[in-house]
Structures are given as C-alpha cells and as structure tokens.
Amino acid sequence: MSAYNEPAEELQQQDRDFSRALNSLKEEIEAVDWYHQRVATTQDPTLKAILEHNRNEEIEHACMVIEWLRRNMPAWEDELRTYLFTSVPVTEIEDTGAATDSRPVSGGSLNIGSLK
C-alpha cells in the first residue's frame, strides 16, 4: 500500500520529500498528544517528569520538521511569518491585516542587558 494519494511515479523527488516531511510532522504531533495525555493523568512524579521530557523531545522534532518545511516548501515561510511570534489574536491577524505587528509576545527583549 502506498502512502501517496497520487501515483508515485508522477511525483518528483522533491514532492516525495514534502510528503515525508508532512507525514513525519503528523506523527510527531500525534506523539506530543499521546505523551501530554499521559503527563496529565499519571500520579507518579518521577514518571510524570520522564513523560514531560519525552513530550518536549517530540515538540523539538516537530519544530525541526517545520523549519525544514519553511526552508524548502513554498508558502510555509510567509504563513509562519504571519502567524508566529505576534501578540495579535490569531483569529484577527488575517482579517485586520495585523500581520505587520511582528513584535514577539515576550516583549521583544533579547535579555542581553545594558550595552552601556
């Protein structure tokens, strides 16, 4: 059984890589969900810490794939620049044109202290 919806022989190598990345992203996000549910329900503090660590590793993996997509698949960069690291309510960004407000939610400080 093929993982492709279209005939594999009609897909370019780059398209197959996009499919690999997107499927990997789905799998990483699913793993985040599974670990998070286990963290939320376990009563053992040591096990909770282990599962939190594992969940956070899966988040790291998902972010790595997203970065690869940003660098390689058209449209990802523009959409990520529009929706990430802004204080504007997500549901209002597209409608209000507020995407130009790219200030980080944290306030923009690099936390490097005074340059004086």
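**Figure 1. Overall view of the predicted model and its confidence.** In this predicted model, the protein chain has an average pLDDT of 87, and 80% of its residues score at least 70. The chain contains 4 helices and 0 strands, so that, read from the N terminus, the order of elements is α-α-α-α. Among these elements, helix H2 (residues 45-72) has the highest confidence, with a mean of 98, whereas helix H4 (residues 90-96) has the lowest, with a mean of 84. Of the 116 residues in the protein chain, 19% are buried. Among contacts with a separation of 6 or more, 36% join residues that lie 24 or more positions apart.

**Figure 2. Close-up of residues 101-111, a stretch with pLDDT under 50.** Throughout residues 101-111 the pLDDT stays under 50, and the model has 11 contacts for this stretch beyond four places in sequence. Where pLDDT is low, the predicted coordinates should not be read in detail.

**Figure 3. Close-up of the aromatic pair formed by Phe 18 and Trp 68.** A search of the whole structure returns 1 aromatic pair. In this pair, Phe 18 and Trp 68 meet edge-to-face, with 6.1 Å from centre to centre and 65 degrees between the planes; the angle is over 60 degrees, the cut-off for the edge-to-face class. Because Phe 18 belongs to helix H1 (residues 13-41) and Trp 68 to helix H2, the pair ties together parts of the chain that are 50 residues apart in sequence. Phe 18 has a relative accessibility of 9% and therefore counts as buried, while Trp 68, with a relative accessible area of 32%, is partly exposed.

**Figure 4. Close-up of Ser 19 in helix H1.** Ser 19 has a relative accessible area of 18% and is therefore buried. Between Ser 19 and Ala 3 the C-alpha to C-alpha distance is 8.5 Å, although the two residues are 16 residues apart in sequence.

**Figure 5. Close-up of Arg 38 and the ring of Tyr 35.** The charged end of Arg 38 is placed over the ring of Tyr 35, at 5.7 Å from the centre of that ring.

**Figure 6. Close-up of the contact between helices H2 and H3.** The axis of H2 and that of helix H3 (residues 76-83) come within 7 Å of each other and cross at roughly 120 degrees. The two helices, H2 and H3, are therefore oblique to each other, since the roughly perpendicular class ends at 115 degrees and the roughly antiparallel class applies only over 145. On the side of H2 the contact is made by Ile 66, Leu 69 and Arg 70, and on the side of H3 by Trp 76, Glu 77 and Leu 80.

**Figure 7. Close-up of two loop residues with positive phi, Ala 75 and Phe 85.** Ala 75, which is found in the loop between H2 and H3, has a positive phi of about 90 degrees although it is not a glycine. Phe 85 lies in the loop between H3 and H4, and its phi is near 55 degrees, again a positive value in a residue other than glycine. With a relative accessible area of 64%, Phe 85 is exposed.

Terms used:
Residues numbered from 1 in each chain as written. Predicted model: local features only at pLDDT ≥ 70, side-chain atom pairs only at ≥ 80, totals over all residues. Heavy atoms only, no water. pLDDT = per-residue confidence, 0-100. Contact = heavy atoms within 4.5 Å. Phe/Tyr/Trp six-rings, centres within 6.5 Å; stacked < 30°, edge-to-face > 60°. Buried < 20%, exposed > 50% of the residue type's maximum accessible area, 1.4 Å probe, protein only. Lys NZ or Arg CZ within 6 Å of the ring centre and 35° of its normal. Axes fitted to C-alpha atoms, helices over the stretch in contact; angles between N-to-C directions. Parallel < 35°, antiparallel > 145°, perpendicular 65-115°, else oblique.
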